[in-house]
Structure formats: structure tokens, C-alpha cells
Amino acid sequence: MIFFDAKKLALMELITSTGIFLIVLLIFFFGMTKLDVYQIGWFKAPVDPALFFLPFGPILFSLAGRSAIPSVLEDLRSRNIPEFLASRVIFYGTVLPAAVYIFFIIGIFGLSGEVSEDAVTGIVKTGKPLLAPLGILGLVALLSTYAPLAVSVKNIL
């Protein structure tokens, strides 16, 4: 994928993003059927100021996609799309993944009632039919995350 041009990389990103979205929707709908907000361990836990910064790791990871912006701009140029539309692309490319994160979080809370350290142990009790899509989700998410980074490293070198 490092040697793909911008158009092929954009197509690959579209396919992987669509796959991620569909798997997250599957998890969301399965989780919503079992969600009981008051049984979630997070609501029962005492407030601990030491845990205030705990969610910043995933939030910063979700923003790591900014390294793909040069590839997006290159793709917009190759398609002769005006650069002023880049701000819209970047805005929606930030907001839509945030919404998908929220759907995923709600689905996982519904499936397990808790979030384990490794993100899988808590949902093992849901059964094997849902574990396969979660494994695929993990692989596709890694592919989708590191392909643009690899292209950026290639361009730097």
C-alpha cells in the first residue's frame, strides 16, 4: 500500500472505513438491545480525580489521523477539486469518526456492561458470532490507521 498513488489509497480508505462503519453499527445494534445504563460499572464507581486524564489516550489516538491530511490534499489536487473544500473534508473527517467512536462505546457497554483493559475480555461472554467481526474490526482499523502513516513516512524519506 505504500506504493499506491493517492487515488488507490483513497479507494482503500473508503473500503476500510465502510467496513469499520458497518461492523461498528453491528456492535451498536447488538449492544443497544442489552444496554442498561444503570448497570454500567462506570456509573457506580466513586469519582476519582486521579482518573480524570484516563480518556485522553483514546482521544489523542483518534486524532492521530491528522497525519493523513497531506494524502487527502494530494488526492483533492489530483481530482482538480478546489482546495477551499479541504476544510470541509477535514471537518467531516474528524466529526464522523467521533460519532462512530460513540456508537462503538455504547455498543461495547451494552454487550459487556464494563470495559476491560484489553477490550476483548469483557465481551467474550457475548459469544463467538460477535467476536469474529470484532477481530476483523481490529485488523481493518489497524490497516486503515497505518497505511496513511506509511505513505507519509515514504514521502518524508
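## A walk through an all-helix chain

The largest nonpolar core has 12 residues, namely Ile20, Ile23, Val24, Ile27, Val100, Ile108, Leu111, Ile123, Leu130, Leu134, Leu137 and Val140. Helix H1 (6-34), H5 and helix H6 (128-156) are the elements that give two or more residues to this core. A nonpolar core here is a set of buried Ala, Val, Leu, Ile, Met, Phe, Trp, Tyr and Cys residues joined through side-chain atoms within 4.5 Å. Buried means under 20% relative accessible area, exposed means over 50%, and partly exposed lies in between, with a 1.4 Å probe and protein chains only.

Before going further, please keep in mind that this is a predicted model, in which local features need pLDDT of at least 70, side-chain atom pairs count only at pLDDT 80 or more, and totals for chains, interfaces and linings use all residues. Residues are numbered from 1 along each chain as its sequence is written, and side-chain values use heavy atoms, with hydrogens and water left out.

Now step back to the whole chain. It has 6 helices and 0 strands, giving the pattern α-α-α-α-α-α along the sequence. Helices (H or I, at least four residues) and strands (E, at least two) are DSSP runs, numbered from the N terminus. Of the 157 residues, 24% count as buried. The chain exposes about 11100 Å², and carbon and sulfur atoms supply 73% of that area; accessible areas come from the Shrake-Rupley method with a 1.4 Å probe, and for residues only the protein chains shown count as cover. Among contacts between residues at least 6 apart in sequence, 76% join residues at least 24 apart, where contact means heavy atoms within 4.5 Å.

Let us return to helix H1, where both Glu13 and Thr16 are found. Thr16 counts as buried because its relative accessibility is 7%. Leaving aside residues up to four places away in sequence, Thr16 touches Val140, Leu143 and Ser144. With the same kind of neighbours left out, that is, those up to four places away, Glu13 touches Ser144, Ala147 and Pro148. Glu13 is also buried, yet has no salt bridge, and the nearest side chain of opposite charge, Arg79, is 12 Å away. A salt bridge is a side-chain nitrogen of Lys or Arg within 4 Å of a carboxyl oxygen of Asp or Glu; for charge, Lys and Arg count as positive and Asp and Glu as negative, while His and the chain ends are not counted.

On the surface, Phe52, Phe53, Phe56, Ile59 and Leu60 form a nonpolar patch with about 560 Å² of accessible area together. Patches are made of residues with over 30% relative accessible area and no salt bridge, with like charges joined within 9 Å and nonpolar side chains (Val, Leu, Ile, Met, Phe, Trp, Tyr) within 5 Å. Leu60 belongs to helix H3 (residues 56-62) and is exposed, at a relative accessible area of 58%.

From Ile59 of this patch, we can cross to Ala98: the two are 39 residues apart along the chain, and their C-alpha atoms are separated by 9.1 Å. Ala98 lies in helix H5 and is partly exposed, at 39% relative accessible area. Helix H5 (residues 86-112) also holds Gly93, which is partly exposed at 45%. Gly93 and Ile69 are 24 residues apart in sequence and 9.8 Å apart in space, C-alpha to C-alpha.

Our last stop is Asn80, in the loop between helix H4 (69-78) and H5. Asn80 is exposed, with a relative accessible area of 69%. Its phi is near 55°, a positive value in a residue other than glycine. Most residues other than glycine have a negative phi.
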